[in-house]
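Me: I would like to go through this structure with you. Please explain how each label is earned.

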Amino acid sequence: MRRKVSLFIATIVCSSGIAIAADTSAIWKANCASCHGKDGSGATMMGKKLNVKDYRDPRVQAIFSDAEAERAIKEGVKTNGKETMKPFGGKLSDTDIKALVAYIRSFKK
Ligand code: HEC
């Protein structure tokens with residue numbers, strides 16, 4: 001019985017957390033997951049082709065600051081002068097971009 005109660009509470013806590021992040025995870029799935037993977041691992045066809053890093057890795061997370069991540073999402077990423085990630089500044093609001101950075105941080109293991 002006790003176990004059932006705590007399970008119930010855990011469900012409420014988790015589902016409210018998901019409710020906050022639902023939009024952001026939808027944005028991630030629609031715009032980013034094709035390269036970065038649903039789980040941020042970058043283990044997708046495009047991700048492998050473009051050498052996308054594994055954002056679950058704490059060492060990778062340490063490479064960029066939140067501000068740098070925001071700028072990359074806004075202005076895009078170039079690798080050797082070639083655009084490998086297009087800018088999303090025109091498509092996504094600053095609020096969405098900030099939320100995406102937090103979302104990316106949550107991949108860290
Ligand atoms: C066409 C493939 C592609 C898509 C789609 C894409 N990215 Fe990227 N992204 C890349 C590549 C390539 C890099 C550079 C390699 C790396 O850091 O993993 C990168 C790098 C990044 C970085 C790290 C920047 C830095 O300073 O090191 C962030 C943060 C990022 N992407 C977020 C996003 C978000 C958020 C979206 C969706 C709104 C997105 N990406 C969509 C390919 C993509």
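Me: What makes Lys-53 a polar contact of the ligand?
Reply: This is a predicted model. In it, a backbone N or O atom of Lys-53 lies 2.7 Å from an oxygen atom of the ligand. The cut-off is 3.5 Å between N or O atoms, so the pair counts. Tyr-55 also has such a pair: a polar side-chain atom lies 2.9 Å from an oxygen atom of the ligand.

Me: Which elements give two or more residues to the shell around the ligand?
Reply: They are α1, α4 (66-75), β2 and α5 (94-105). α1 gives the most, with six residues.

Me: Why are His-36 and Met-85 called donors of the iron atom?
Reply: His-36 (NE2) and Met-85 (SD) lie 2.0 Å from the iron atom of the ligand. Donors are N, O and S atoms within 2.8 Å of the metal, so both qualify. His-36 is in helix α1 (residues 2-36) and Met-85 is in strand β2 (residues 82-85), 49 residues apart.

Me: Why is the site of the iron atom called octahedral?
Reply: There are six donor atoms, with angles of 86 to 178° among them. Octahedral needs opposite donors over 155 degrees apart and all others between 65 and 115. The site is classed as octahedral. For six octahedral donors, the ideal angles are 90 or 180 degrees.

Me: How do you know whether His-36 and Met-85 are buried or exposed?
Reply: His-36 has a relative accessible area of 11%. For Met-85 the value is 18%. Buried means under 20%, so that label fits. Both residues are buried.

Notes: Residues are numbered from 1 along each chain as its sequence is written. This is a predicted model: local features need pLDDT of at least 70, side-chain atom pairs count only at pLDDT 80 or more; totals for chains, interfaces and linings use all residues. Side-chain values use heavy atoms; hydrogens and water are left out. Donors are N, O and S atoms within 2.8 Å of the metal (3.2 Å for Na, K and Ca); water is not among the atoms, so sites may look incomplete. Four donors count as tetrahedral if all angles lie between 85 and 135 degrees; four count as square planar and six as octahedral if opposite donors are over 155 degrees apart and all others between 65 and 115; anything else is irregular. Helices (H or I, at least four residues) and strands (E, at least two) are DSSP runs, numbered from the N terminus. Buried means under 20% relative accessible area, exposed over 50%, partly exposed in between (1.4 Å probe, protein chains only). A polar contact is a pair of N or O atoms within 3.5 Å; within protein, one must be able to donate a hydrogen and the other to accept it, and residues adjacent in sequence count only if both atoms are side-chain atoms.
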